[in-house]
Amino acid sequence: MLDGKMKYSSIFNYPTLNWADIGVIGWLVDGAAIVNQVALCRASYGPYARAMVKICKEESFHQRQGYEAVMAMAKGSEQQKAMLQDAINRFWWPVLMMFGPSDTDSPHSAQSMAWKIKRHSNDELRQKFVDNTVPQLEALGMSAPDADLAWDEASGHYRFGEIDWSELHEVIKGRGQCNHERLQAKRRAWDEGAWVREGALAHAAKNTSTAA
């Protein structure tokens, strides 16, 4: 990760400003992860699919915990409700971007579908998430920051506005709100943890020498 060969989820490049953000992250971010990961439980690669079953159980707990937190805030004071709506406004679009670029622009989605690693496209999963989440928003008395969001009777789905893909591209290129901060923290942890790695290697070498 530190040398740029690996990337982490784009959503982690956005700041958490207050307690409402924690609840919204648990509810929306983990909710989006579940939609994506449940589909991967039927991936063609068995070890990956089996691991996803366990991961989904853990993510489901996080999602329920997050929704319970936002439910409490939605029933709270006007200030708490305002904090919750603000958090939803800031995280809504980045969460929709978590599913990856549109199918027409995704460099890997078609190949993953052909190999049956993925069973559903980015846009299909994104649509499923929106369909699942809008009723939850309404139950909370909250709204999404999307003037175009509306139920489409003909398709049986919620229609939503155009995503600003330039923002996702900037984040992927390392120019998001918190990219530098996140990598700096990772680098600091790596440097400060050197003594642990060195100790573990010395212990392993000692055991190998004793066994010989």
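**Close-up views of a predicted model**

**View 1. The largest nonpolar core.** Val24, Trp27, Leu84, Trp92, Val95 and Phe129 touch the most other members of the largest nonpolar core, which has 37 residues. Five elements each give two or more residues to this core: helix 1 (19-40), helix 2 (46-74), helix 3 (78-97), helix 5 (122-140) and helix 6 (165-172). Helix 3 provides the largest share, nine residues. In soluble globular proteins, nonpolar side chains tend to be buried together. The model shown here and in every view below is predicted.

**View 2. Trp92 and its neighbours.** Trp92 is one of the core residues that touch the most other members. Leaving aside residues up to four places away in sequence, Trp92 touches Leu28, Phe129, Val130, Thr133, Leu137, Ala144 and Pro145. Among these, Phe129 is also in the group of core residues with the most contacts to other members. Leu28 belongs to helix 1, while Phe129, Thr133 and Leu137 belong to helix 5.

**View 3. Helix 1 against helix 5.** The axes of the two helices, helix 1 and helix 5, come within 10 Å. They cross at roughly 145 degrees. The crossing of helix 1 and helix 5 is right-handed. From helix 1, the contact uses Trp27, Leu28, Gly31, Ala32, Val35, Asn36 and Ala39. Helix 5 meets them with Leu125, Lys128, Phe129, Asn132, Thr133, Gln136, Leu137 and Leu140. Sorted by class, this contact of helix 1 with helix 5 has nine nonpolar, five polar and one charged residues. Trp27 and Phe129 appear in this contact, and both are among the core residues that touch the most other members.

**View 4. Gln63, a buried glutamine.** Gln63 sits in helix 2. Is Gln63 buried or exposed? Gln63 counts as buried because its relative accessible area is 16%, under the 20% cut-off. Not counting residues up to four places away in sequence, Gln63 touches Gly26, Trp27, Asp30, Gly31, Ile34 and Gln136. Of these neighbours, Trp27, Gly31 and Gln136 also take part in the contact between helix 1 and helix 5.

**View 5. Arg90 and Asp21, a salt bridge between helices.** The side chains of Arg90 and Asp21 form a salt bridge, with N to O at 2.6 Å. This pair links distant parts of the chain. Arg90 lies in helix 3 and Asp21 in helix 1, 69 residues apart. How exposed are the two partners? Arg90 is partly exposed, with a relative accessible area of 25%. Asp21 is buried, at 0%. Asp86 joins these two residues in a network of salt bridges. Side chains of opposite charge can pair when their charged atoms come close.

**View 6. Glu78 and Lys81, a salt bridge within helix 3.** Glu78 forms a salt bridge with Lys81, and their closest N and O atoms are 3.6 Å apart. Both residues lie in helix 3. Three residues separate them in numbering, about one turn of the helix. Glu78 is exposed, with a relative accessible area of 60%. Lys81 is partly exposed, at 27% relative accessibility.

**View 7. Glu181 and Arg182, a salt bridge between side chains.** The side chains of Glu181 and Arg182 meet in a salt bridge, at 3.4 Å from N to O. Glu181 is partly exposed, with 46% relative accessibility. Arg182 is also partly exposed, at 27%. A search of the whole structure finds seven salt bridges.

**View 8. Lys116, a positive phi outside glycine.** Lys116 has a positive phi of about 65 degrees, although this residue is not a glycine. Most residues other than glycine have a negative phi. Where does Lys116 lie? Lys116 is in the loop between helix 4 (109-114) and helix 5. Lys116 is partly exposed, with a relative accessible area of 44%.

**View 9. The whole protein, for orientation.** The protein has eight helices and two strands. From the N terminus, the elements run α-α-α-α-α-β-β-α-α-α. The C-alpha trace spans about 75 × 45 × 30 Å along its principal axes. Buried residues make up 36% of the 212 residues. Of the contacts between residues at least 6 apart in sequence, 73% join residues at least 24 apart.

Note on methods:
Residues are numbered from 1 along each chain as its sequence is written. This is a predicted model: local features need pLDDT of at least 70, side-chain atom pairs count only at pLDDT 80 or more; totals for chains, interfaces and linings use all residues. Side-chain values use heavy atoms; hydrogens and water are left out. A nonpolar core is a set of buried Ala, Val, Leu, Ile, Met, Phe, Trp, Tyr and Cys residues joined through side-chain atoms within 4.5 Å. Buried means under 20% relative accessible area, exposed over 50%, partly exposed in between (1.4 Å probe, protein chains only). Helices (H or I, at least four residues) and strands (E, at least two) are DSSP runs, numbered from the N terminus. Contact means heavy atoms within 4.5 Å. Axes are lines fitted to C-alpha atoms, for helices over the stretch in contact, and angles run from 0 to 180 degrees between N-to-C directions. A crossing is left-handed if the near helix is turned anticlockwise from the far one by less than a right angle, and right-handed if clockwise. Ala, Val, Leu, Ile, Met, Phe, Trp, Tyr, Cys and Pro count as nonpolar, Asp, Glu, Lys and Arg as charged, and the others, Gly among them, as polar. A salt bridge is a side-chain nitrogen of Lys or Arg within 4 Å of a carboxyl oxygen of Asp or Glu.
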